[in-house]
Amino acid sequence: MINNFVSKFNKFNVTPGTIPALLLFASMISYGLMAPFLGFYQDDWHFIYYYVTRGDPGIIELAHYDGHPLSAWIYILAFRGLGISPLAWQLFSIFWRWLAAVAAWKLLHQFWPNHLKQTFTATLFFLLYPAFILQPQAICYSEVWISHALLLWSFYYAGRGIQENKFRYHAFGFAIKILHIFTSAYVTGLEFVRLLVIWMQIPKEQIESFRKKLKTAIWLWLPYLLINLGYVIWRVFLYNSPVDRRADPT
């Protein structure tokens, strides 16, 4: 059975131009078919209550109370466009999950451009990861997919800037990273993966020694690291979060 599957998979023709469409098809088959029949669940109702009763200030208050105030803008813009339609929010979350998967594939394709089927398969594992069972909570977990998408696209443009030696791609990567900081604190630690991404993109023939390559990689990573450290310092030491006190007895 396994050999038969492998044989059919090897005959399947995959091209770079078709992979985003294939990922979209996989997203809709896996999650989109049930989207019209889903509603709002668990923490989704917090957002709906605050938005319906207080509008934009309510979303800002909720994000502050929940300990990640910088993400409020996502929900403000999304509620203005989507309202409180369950189907719209389900499709919105699926869209960002797909966009994150496309970014993940683009990044893998940078590393291994001659292994399309392998990078496509790896991306499918990312897109369809079965242990993540909270996709139906479309409002509160769309933030996670948005932050993943922004960070992965920032990785991709940082790598492309190194490969093509063009400043505009570095600028794209840095701008998207700044936008990523204003989304979610949940994936802040993944910024340290960028050093490995940069390391793998530096041409071997360009650097003579391990020490020089490491120095170059750290220098290219430094602007992103400073942005991340600035956020961490603000979040841990300067921001007065009500999360620390919301369970105190009164």
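Which residue forms a salt bridge with glutamate 61? In this predicted model, the partner is arginine 54, and the closest N and O atoms of the pair lie 2.4 Å apart. Glutamate 61 is partly exposed, at 37% relative accessibility, and arginine 54 is likewise partly exposed, at 38%. Both residues fall into this class because their values lie between the 20% and 50% cut-offs.

The salt bridge just described belongs to a set of six in the structure. Another joins the side chains of arginine 80 and aspartate 56, with an N to O distance of 2.3 Å. This contact links distant parts of the chain, since arginine 80 sits in helix H5 and aspartate 56 in helix H4, 24 residues apart. Arginine 80 has a relative accessible area of 57% and is therefore exposed, the cut-off being over 50%.

A buried setting is found for the pair formed by glutamate 191 and lysine 177, whose side chains meet in a salt bridge at 3.0 Å, N to O. Here, too, distant parts of the chain are linked: lysine 177 belongs to helix H9 (167-181), while glutamate 191 lies in the loop between helix H9 and helix H10 (193-201), 14 residues away. Elsewhere, a network of salt bridges connects Arg160, Glu164 and Lys166.

Turning to the loop between helix H4 (56-65) and helix H5 (72-82), aspartate 66 is found there. Aspartate 66 is partly exposed, with a relative accessible area of 32%. Its C-alpha lies 8.3 Å from that of serine 241, although 175 residues separate the two in sequence.

How values were computed:
Residues numbered from 1 in each chain as written. Predicted model: local features only at pLDDT ≥ 70, side-chain atom pairs only at ≥ 80, totals over all residues. Heavy atoms only, no water. Helix = DSSP H or I, 4+ residues; strand = E, 2+ residues; numbered from the N terminus. Buried < 20%, exposed > 50% of the residue type's maximum accessible area, 1.4 Å probe, protein only. Salt bridge = Lys/Arg side-chain N within 4 Å of Asp/Glu carboxyl O.
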